Amino acid sequence: MFRFDEDGANQTLNDICSIIKNEQGHWFGTSFGLVRRHNGVQSFYNEANGFPNNTVHAILEDRRNNLWLSTNQGMVKFNTSTLTYQTFKHTNELKITEFSDGAFFRDEITGSLLF
């Protein structure tokens with residue numbers, strides 16, 4: 001069994017809600033934030049970096065290779081090429097800001113992302 005946090009000091013890191021793989025690595029939505037694992041190196045993105053919330057419930061990739069993340073306080077559009085992101089919260093006219101595990105879908109025909 002694989003664990004991000006071997007010594008158990010940060011259990012939220014091992015609480016994985018969503019996984020996606022692309023050319024930039026494996027991406028994990030956890031209760032600690034977004035974790036990227038690429039070539040044996042782990043990178044973390046969460047509230048400390050400016051995310052609206054640490055809990056990432058779901059990850060979907062759009063046709064431009066951006067990752068869309070649903071959290072407990074809004075959405076994040078994450079550019080996997082530049083490792084930059086844009087947040088969408090209640091202050092950005094987002095009417096729904098709390099999402100659930102497993103509640104996401106990508107329509108392969110239209111490219112629509114549903115959360």
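Let me start with a small detail: in the hairpin of β5 and β6, which has 4 residues between the strands, N65 takes a positive phi near 65 degrees. Please keep in mind throughout that what we are looking at is a predicted model. N65 is found in the loop between β5 and β6, and that positive phi belongs to a residue other than glycine. As background, most residues other than glycine have a negative phi. As for its surroundings, N65 has a relative accessible area of 40%, so it counts as partly exposed.

There is a second residue to set beside that one, and it is N39, which is not a glycine and yet has a positive phi of about 55 degrees. N39 sits in the loop between β3, residues 33–38, and β4, residues 41–45. Is N39 buried or exposed? Its relative accessibility is 70%, and because exposed means over 50%, N39 counts as exposed.

Now let me step back to the chain as a whole. The protein chain has 0 helices and 10 strands, so if you read along the sequence you meet the pattern β-β-β-β-β-β-β-β-β-β. Along its principal axes the C-alpha trace spans about 40 × 30 × 25 Å. For 115 residues a compact globule would have a radius of gyration near 13 Å, and the protein chain, with 14 Å, agrees with that. Of those 115 residues, 41% count as buried, and the chain exposes about 6,700 Å², of which carbon and sulfur atoms supply 48%. If we take the contacts with a separation of 6 or more, residues 24 or more positions apart account for 38% of them.

Let me turn to the sheets, beginning with the one that holds our opening hairpin. Here 4 strands form an open sheet in the order β5-β6-β7-β8, and the pairing is antiparallel. The strands at the edges are β5 and β8, the latter covering residues 84–88, and each has a single partner strand, so one side of each is left without a neighbour in the sheet. Neighbouring strands of this sheet are turned by 20 degrees against each other on average, direction ignored. Within the sheet, β5 and β6 pair in the antiparallel sense over 5 bridges, and there E61 stands opposite L67 in β6. Moving on by one strand, β6 and β7 pair over 6 bridges, again in the antiparallel sense, with N66 standing opposite N79 in β7. Although β5 is an edge strand of this sheet, 6 of its 6 residues are buried, so β5 is largely enclosed by the rest of the structure.

The other sheet to describe is also an open one, in which 4 strands follow the order β1-β2-β3-β4 with antiparallel pairing. Its edge strands are β1, residues 16–22, and β4, each of which pairs on one side only. The twist averages 20 degrees from one strand to the next. In this sheet β3 and β4 run antiparallel and are joined by 5 bridges, and V35 stands opposite F44 in β4.

What, then, makes up the largest nonpolar core? It has 11 residues, namely I20, W27, L34, Y45, F51, V56, I59, L67, L69, V76 and F78. The elements that give two or more residues to this core are β5, at 56–61, β6, at 66–71, and β7, at 74–79.

Two members of the core are worth following one at a time. Leaving aside its neighbours within four places in sequence, L34 is in contact with W27, F28, S43, F44, Y45, F51, V56, I59, L69 and F78. Y45, for its part, is found in strand β4, and with a relative accessible area of 11% it is buried. Not counting residues up to four places away in sequence, Y45 touches W27, G33, L34, R36, F51, F78 and L83. To give a sense of distance, the C-alpha atoms of Y45 and K89 are separated by 17 Å, while the two residues lie 44 residues apart along the chain.

To close, I would return to the two loop residues: N65, between β5 and β6, is partly exposed, whereas N39, between β3 and β4, is exposed.

Note on methods: Residues are numbered from 1 along each chain as its sequence is written. This is a predicted model: local features need pLDDT of at least 70, side-chain atom pairs count only at pLDDT 80 or more; totals for chains, interfaces and linings use all residues. Side-chain values use heavy atoms; hydrogens and water are left out. A nonpolar core is a set of buried Ala, Val, Leu, Ile, Met, Phe, Trp, Tyr and Cys residues joined through side-chain atoms within 4.5 Å. Buried means under 20% relative accessible area, exposed over 50%, partly exposed in between (1.4 Å probe, protein chains only). Contact means heavy atoms within 4.5 Å. Two strands pair if DSSP finds at least two bridges between them. The radius of gyration is taken over C-alpha atoms; the globule rule is 2.2 Å times the number of residues to the power 0.38. Accessible areas come from the Shrake-Rupley method with a 1.4 Å probe; for residues, only the protein chains shown count as cover. Axes are lines fitted to C-alpha atoms, for helices over the stretch in contact, and angles run from 0 to 180 degrees between N-to-C directions.
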